[in-house]
Amino acid sequence: MIQADVKLDTLGYFCPMPIIMTSKKIKELAVGQILEVASDDEGIKKDMPAWCQTIGHEMVGLEEEDTNPKKVYKAYVKKTK
Amino acid sequence: MNVTNVEPVTALAELQETKPAKVTIVVLSGDMDRVMAAFIIATGAAAMGMPVTMFFTFWGLNVIRKKGTTSSAKDWLRKMFGFLNKGGADNLPLSRFHFGGLGTTMMKKVMRDNRMPSVPELLETAQDLGVNMIACTTTLGLMGISKDTLLDGIDQLAGVSTYLAEAKDGAVNLFI
């Protein structure tokens, strides 16, 4: 279980909204803080690591939660710069 | 002569640090589905920190025209054409199953119900993220579209040289 400093709810939004919302939200964090992004779009599993790699933040983890009717994914991003 | 050896990985990282990969997209189509794809790529790239330039030409100009604007040309042929080809980002037809507007209206409802952003919303997001938008002067002239009928914030008019100058440094250049 990863402790997040800030949480972002993107449930119900499809690509590219979770990434765009993340890129806006991360600006509010201080360096070293962790952002938790909750999404029910499965694309986040690949998109968030790709976004982190491109922009240079650290992807510290991904959790899957089985909730009816959809799975919820929680991506943890550590702001590095 | 001074030669500094740099690890390829470090060199690449430094290069990416100083010069992020550029994206250019030519939007020729005025079909809602194609324009959506263009904006999804543009906003996604901008969110990834890549500089994005969108170049609107021909039917694509309808996206960045104010709603319902017609041609300001004086000759009757272009006037009639302008009457048939109205602008507006929420006025775009689907490339398939438009069915005189019925299909497109239904698709918009499905999108709204699923919290998917519409073309005008994607356009606004793109502008917020600093996507560079250029209108093609040639087709503006051809269709008799005047600059004041373009959306606020669209103030760059240019031609093929401007596009190519951007595209030659582009890591991703798309034509939609």
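**Exercise 1. Work out the order of helices and strands along chain B.**

Read along the sequence, chain B runs α-β-α-β-α-α-α-β-α-β-α-β. Tallying that gives seven helices and five strands. Here helices (H or I, at least four residues) and strands (E, at least two) are DSSP runs, numbered from the N terminus.

A note before going on: this is a predicted model, where local features need pLDDT of at least 70, side-chain atom pairs count only at pLDDT 80 or more, and totals for chains, interfaces and linings use all residues. Residues are numbered from 1 along each chain as its sequence is written, with chains lettered from A and ligands numbered from 1 in the order in which they are written.

**Exercise 2. Describe how α2(B) packs on α5(B).**

Step 1, geometry. The axes of α2(B) and α5(B) (residues 119-128) come within 9 Å and cross at roughly 25 degrees. Axes are lines fitted to C-alpha atoms, for helices over the stretch in contact, and angles run from 0 to 180 degrees between N-to-C directions. That crossing makes the α2(B) and α5(B) pair roughly parallel (angles under 35 degrees count as such, over 145 as roughly antiparallel, 65 to 115 as roughly perpendicular and the rest as oblique).

Step 2, residues. In α2(B), M32(B), F39(B) and A46(B) are among those meeting α5(B), whose side includes V119(B) and L122(B). Contact means C-beta atoms, placed from the backbone, within 7 Å. By class, this contact splits into 11 nonpolar, two polar and no charged residues. Ala, Val, Leu, Ile, Met, Phe, Trp, Tyr, Cys and Pro count as nonpolar, Asp, Glu, Lys and Arg as charged, and the others, Gly among them, as polar.

Step 3, one residue up close. Leaving out residues up to four places away in sequence, F39(B) touches V119(B), L122(B), L123(B) and A126(B).

**Exercise 3. Find what α2(B) does at the border with chain A.**

Step 1, the whole border. Here 11 residues of chain B are in contact with 12 residues of chain A. α2(B) gives the most to chain B's side, with four residues.

Step 2, the helix pair. The axes of α1(A) (residues 17-25) and α2(B) (residues 32-47) come within 9 Å and cross at roughly 30 degrees. α1(A) and α2(B) are therefore roughly parallel to each other.

Step 3, the partners. I19(A), I20(A) and S23(A) meet T43(B), G44(B) and A47(B). Those residues divide into three nonpolar, three polar and no charged.

Notes:
Two residues are in contact if their C-beta atoms, placed from the backbone, lie within 7 Å.
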